[in-house]
Each structure stands twice: as structure tokens, then as C-alpha cells.
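The following note was prepared for a colleague at the bench. It takes up selected points for reading alongside the sequence and the coordinates.

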Amino acid sequence: MIKKKETVAMLLAGGQGSRLHLLTERTAKPAVTFGGKYRIIDFPLSNCINSGIDTVGVLTQYQPLALNEYIGNGQPWDLDRTYGGVTLLPPYQMNKRADWYKGTANAIYQNLQFIDKFDPDYVVILSGDHIYKMDYHDMVEAHRRTGADCTIAVFEVPLSEASRFGIMTLDGDMRVTEFTEKPAQPKSTMASMGVYVFSRDKLAKYLEADEADETSQKDFGKNVIPAMLAAGEKLYAYKFNGYWKDVGTIQSLWESNMDLLGERPVLTLRDLNWRISSRNEAMPPHYVGYEATINNSIVTEGCEIYGTVENSVLSAGVIVERGAVVRDSVIFGNVTVKSDSEINYSLIDSGTVIGKSATVGKEMALAKGITLVGGGLTVPDGATVPDRAICGADMIKELAKGV
Amino acid sequence: MNAIGIIFSSINEKSIHELTKERTMASVPFGCRYRLIDFALSNMVNAGITHIGLITHYNYQSLMDHIGTGKDWDLARRHGGIKLLPPYITAFSNATNTIGSTWLGALVNVRDFLNGCKEEYVVLSDCDSVCNLDLDAMIQQHISLGSDVTLAVKRVYIADGGHHRSVTVIDSDENGMITGVADSAGRPSGYADASLKLVVANKKYIENAINLATAYGYSDFYKDVILRGKDASDCRIYRYENYFATLRSLNDYFSCSMDLLDPEIRRSLFGLRSRPVLTKVRNSAPSSYVNGSVVRNSLIADGCVIEGTVENSIIFRGVKVGKNTTVKNCILMQDTITGDNAYLNCVITEKNVVIREGRVLSGHETMPFFIEKNAIV
């Protein structure tokens, strides 16, 4: 007998995130490193537990190994529960057929049994690719108050960017009158955050209808929400005013990391009332050597800094050797920056070694764009990785020939 | 692993009374993010020991808080795992309460726990030492030589009659058989084998020691049990080569903490992938350095905000160093907050200390200035 849960969260973590290039070659996007010692998925998971939601289904599909290992039994988020807790939900083989998740709606549809087990009143649908701190409980309360069938979290975006999002037209009571996915001519600046609260019965009803419709792309934004609107169901928007960032591109991922810097950072992880939890190893404290200079940066466990670090985010176990310079960059875990090398305006994936006197990227003011170096690579001594390059194993081979 | 571990959390607490006033020796904070027990526990866990009894006596709240279920050491187990062994005092006999002050006294107290264990070997460890020892190799030596009891030792130079860092000296013959036990105080200068207070023994040997202690009122495991019985049993040393320090005074605590700034010592304690030092994991954000901060030769934990200057210091989690403040040769424990324009030299602050703006405080390397928990300067 499983106890009833008022709210169950379903976290869509199966996306590939192809715009993150090399970073998501071997890991799903939600498992990408963020802010030194976090992964993107730490944000929705921590939001859940901080909002009092202790039953979370995580839907995985693309390259789930790192993600499964990372979530484990959910202990770092206090989601290792006898009743509820975190459950990984990969696609599975059914009695009559076996299918991959064909879209966001289909993924939830295939796991309606999981939801039913807890007999919830509300289902919160989340995605694993945004950085934000949000109280879902507050949103569920708003949903209850308005008597909505579905409540969609919205975030005001500049009109110039509105065509990248699902845009909603609202009436005076925040009721949704129109929803357009990525409109060419946006009528409003209220963008969907991909966070939905559904009344459970309506969710089941519309998912089943959507599943039966063969022309549907099985997507919440494209199919389910428009179908509900067309049927005259009550859809309300819930306005979110805090920090919210889609980290779907190298540029936005870099920007969001930079938002952690400064004396009064735009995004703070120090708020004890809204802790962001993560799984991390017990690594020794970081060491700062005699000749090191660190300015406007964040540094975490296991790092050893002998060179210069400016306006950068360093993840666990990063070594910056003497004479090396790291500027305006985001460095993932266990990267070694060898002596006298220089990294500017770059994002370096985990485990990579930057050779002695090598140059990666160009000064931010002069660069054409961010340089990305993939994980587990060795940039040869003295090599130059140009600005805006996407440096994978092939480019490393070319560089090795050239030196 | 066919061995259980026994850790004594409270022995020698008087020696660092400043830090053990409200906690056990085991839970004394050390090295930015650790507690002393982490070294003893990690040595055991890294050798594959999964059944550990933790003997507690006084003030073990902080220790229980640190250990929790034992999950951070992979010791939250259905079978075995870590068991807290608090003082056993019944309503009918609570007259003598000496159980926590010696190994033998403590062992008599946990006789039932030992009797219930099926393992053949017992590892005994104190918590006032800092080392990363290959305990598996030590147990293998113990088994392959057919010893009854094996003591880990390290060759050290004892100067000034041993007054600097007082240790227990173990004498042995060329085969490593133990011939004598002495205190370093009063011994002539020279090399000697210092005890790491880490012992591997056959369970039968320990059971016999408990019987002897009960029968004859023995109190000293080394002098009463090992020395008196050395001719009848196989008592040997195991040589350990890497970094080791025993903390017998606040000065020891200060100098041993500063030892961590030496890269060789750090490597010997933390540099081994196969033998990590495990500790309770807290959710602190990474540390922030703002523009204008200057940091040299320091170890810094997560969750800190550094706005001033930090040199040759050990900075624990959640410490804030204000603007234009200088922190030199200091140990600032968890959540110490220093205001702007302050100057600190050779200061040890306990947890939650607040140093207000503009304060100037200085001790000396030989006499660090100690500030109590929750104090406001």
C-alpha cells in the first residue's frame, strides 16, 4: 500500500541538447556541469524538495549513464524515501509493444501508471534544462485557487527574443487565451518556462487523446496545450519573477555561469533558505599557492591554483599551474591547465589537459565567440585553439600534427 | 575483510581542552573540512572494513551529528556498518565512570559488542592522530606473520627530551618484535619509533586482554597487556613511512594544521585515489573571490567569501574575510566572520566567531591566540 501524495513531479531529462555540441556527446543535458559543483538537474531537483514535493519521476532516454549515476538513490536531495522519493523512468518494453519516448507528452503518457500509483491530485511537469530557483508549491497553490485545469509558468522576455519561446496571450485574470510555439510575430512577451501544473484527471484525459491522434507530435507545447485551449479548458499562467535562464546553448550556459560572479551576483547559491544540493565527492579543500592571483571568481574543492584566475568559474579538481592564466572562462571538473598557457573566453569540458604554453580562445573583447574544448582531451604544448572554435578529438589531432 | 574496527572517540581529550570543551576528540575540526575521526574512519573503510564500533563517552552530540547514519563513509549498512557504543551504565551500577579514559576500560565496556562479532581480527584506533595508512597491508602483515598483536609505528626524531610533540615510543628488536614501551618525555634526543595508536590484534587476544583487565584491574593496554605478555605472544610493529602527527596540545594542533600547507604532506594525506579521506558532505556553494582579494599559500574550504588578504592560513567552510582585512598564519573555523579593516596573525578561531571591523589580534607561532566558540571580538 503506497500512501497518497498530493503532488507528484515529472522531470523530463531525456533531451539530447544538441546545441551544447561536445558537452552532450556523452552525457544528457541535465547532467552537464554548472557553477563549479552542480549539474543542471540539481536546480529542478532542489526546487522540488524545497517546495515540499518528495515524489519525483525522472524521465531519461538520451545517454542516461552519467545521469543515472548522478541521481542514484536521490540521497543528496533528501529524495531517498521509503514512500516516494526519486525514481528513474527510462523507456521500457510493454506487453504488446516497445517504444522510445517520442515527445514530451508521450514520455509522460508512457508513465501514467507511475503517477497513478501515488494517486496525486496534481502533477507538476518540469524540464531539466533551465537554471532557476522556484517554489513549485506556490504555483500549485495558485493552480488550486484559480481552479485551473492546467497552469503554465511564464517569464517575461524581451520582445526581440520572444520568437524563441512558446508565447502566451493572457487576459486580465492571467487566463491563457492563446498559445503559440515559437511565433514569427509574437503577440506578447510572456514565455512558457516549460513548467506545468496539471490536475491529474485532465492530464490523463488529454494525454490519452493526444496518444490516439496519429498526426500529433506528442509535444506539450505543440499539441497538448493547444488541444486543451481549443476544448475550452481553464488554462492559467503563473508569472515567475526570479532568475530564470535557458542554458541550451554554449553562450547561455557560459552567461549563466558568469551570473554567479561579483559581489552581488545575479544568481546566488548561498541562500540558506533555498539550498541547491548536489552530489559531490569528499575532495580536499582547495589550495592557493604563493604566486597565485584570483579575482572575481569562484573556486571549489580539490582545486590547486598557482597561476592567475580572473572572472572565471572553476569546478572541482582543477589545477592551474604557475604562469598559466584563466580569464572569462568556465572550467569543468579535473581539468589541468599547464604552466604558461592561457585560456580566454572559453568553456573547457571535464578531464581535459591544456598543454604548456598553449593558447585557447582570444580575449573576450576581441574574440568572435566562445571557444569550446571537449572533455578528456589533451591540447598539445604550445598549440593554439582559435576563438569560437569547437575543439573535439579531430581538431586535437590536427593541432598535434601542426606542432 | 575479516576484521572489525573499534574507534576510541574520547581518549586524551584533556590535552586539547580548548577544542574538546564541548566535543569529543573525534569531532575536533581539522584541515578546513574534516574532523579528526575522518582519518581513523577512512583508514578502516579504505581497507575494506565495513563493521565499526565507535566508543563514545562524554559530549558526543557533535560526533553523532558528524557521523549521522554513516552514509558518507558507506557505513549505512543493514549488516555491519557503524555502531555508536555509548557508555553502558545501568540504574543499579553507575558508581565508577572511568570507562572512557583508557582503552582497556572502554573495551571492558563494549565486551558484548565484541562477543557478538564474527570477525577474527580487531583494529583499534585513537582519534588524536592524523595519517593516511594502508591498513590493508598492515592487516596482511599481521595475518601472514601469524602475529597476535601488531602496532603501527613511525620512525621520528625526538628532540628536547620529547617535550615538543609528546609521543609513546615503541622499542623493538631486529625482527620487529616489541621489547619495550616508553613515553618520549625524558628520553634522550634521537630517532625512535612513535606509536600511531593504531593496533591490529586477533580477536582472541583482545578478549583475553579484557579478561585480564577485569581480573587484575589492568588499565594500560600497552604496558599491562602487551609488555607483560610479550614473551607468550607474538607482538610486532608495522612500519609506516608517510606523514603522521599526534595532537597532544593546542600548539600541536596549530603546527600540524600548518603542515597541511606543505605540498608533500598534502599529497601523503589526500593525494591517493585509492585511499581518499572521507568526510561528511555539506552543501556549501563554491568559494567566491571578489576583485581585490589576495590569497597566498592557503587552504580554503567551500562556502567562503574572500574580500581581503589571506596568507599561510587554513580557512574552514563558510568563513567571510572582510575588505582590507589581513588574515595571516591563522586557522579560522566554520562560519567565522571577520569585518573590514581587521588584522589577524597566529589566531585560532572556533566556530561562529565574529571579529568586528578594525580589530587587531595577534598570537605567536609558539603561542597561538585562541578564540572560543560563538565569541564576538
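**Note on charge pairs and overall form**

1. Lys239(A) has a relative accessible area of 30% and is therefore partly exposed. This value, like every other in this note, comes from a predicted model.

2. The partner of Lys239(A) is Glu156(A): the two form a salt bridge in which the closest N and O atoms are 3.5 Å apart. Glu156(A) belongs to strand 8 (residues 150-156) of chain A and Lys239(A) to strand 12 (residues 235-239) of chain A, so this pair ties together parts that lie 83 residues apart in sequence. Glu156(A) is likewise classed as partly exposed, at 43% relative accessibility.

3. A second salt bridge links Glu233(A) and Lys205(A), with 3.9 Å between the closest N and O atoms. Because Glu233(A) sits in the loop between helix 7 (220-230) and strand 12 of chain A, while Lys205(A) is part of helix 6 (residues 200-212) of chain A, the pair ties together parts 28 residues apart in sequence. Are the two partners buried or exposed? Glu233(A) is buried, with a relative accessible area of 10%, whereas Lys205(A) is partly exposed at 48% relative accessibility.

4. In chain B, Arg236(B) and Asp234(B) form a salt bridge whose closest N and O atoms are 2.9 Å apart. Both Arg236(B) and Asp234(B) are buried.

5. Which residues are joined into one network by salt bridges that share partners? They are Lys4(A), Asp116(A), Asp119(A), Asp121(A) and Arg200(A). Over all chains, the search of the whole structure finds 38 salt bridges. Side chains of opposite charge can pair when their charged atoms come close.

6. Regarding the charges of chain A as a whole, there are 41 positive and 50 negative ones, and the mean positions of these two sets are 2 Å apart. The accessible surface of chain A amounts to about 16,600 Å², and carbon and sulfur atoms contribute 47% of that area.

7. The secondary structure of chain A consists of 9 helices and 31 strands. For its 403 residues, a compact globule would be expected to have a radius of gyration near 22 Å, and the value for chain A, 22 Å, agrees with this. Along the principal axes, the C-alpha atoms of chain A fill a box of roughly 65 × 50 × 45 Å.

8. On packing, 57% of the 403 residues of chain A count as buried. Among the contacts in chain A with a separation of 6 or more, 58% are between residues 24 or more positions apart.

Terms used. Residues are numbered from 1 along each chain as its sequence is written. Chains are lettered from A and ligands numbered from 1 in the order in which they are written. This is a predicted model: local features need pLDDT of at least 70, side-chain atom pairs count only at pLDDT 80 or more; totals for chains, interfaces and linings use all residues. Side-chain values use heavy atoms; hydrogens and water are left out. Helices (H or I, at least four residues) and strands (E, at least two) are DSSP runs, numbered from the N terminus. The radius of gyration is taken over C-alpha atoms; the globule rule is 2.2 Å times the number of residues to the power 0.38. Buried means under 20% relative accessible area, exposed over 50%, partly exposed in between (1.4 Å probe, protein chains only). Contact means heavy atoms within 4.5 Å. Accessible areas come from the Shrake-Rupley method with a 1.4 Å probe; for residues, only the protein chains shown count as cover. Lys and Arg count as positive and Asp and Glu as negative; His and the chain ends are not counted. The place of a charge is taken as NZ of Lys, CZ of Arg, CG of Asp or CD of Glu. A salt bridge is a side-chain nitrogen of Lys or Arg within 4 Å of a carboxyl oxygen of Asp or Glu.
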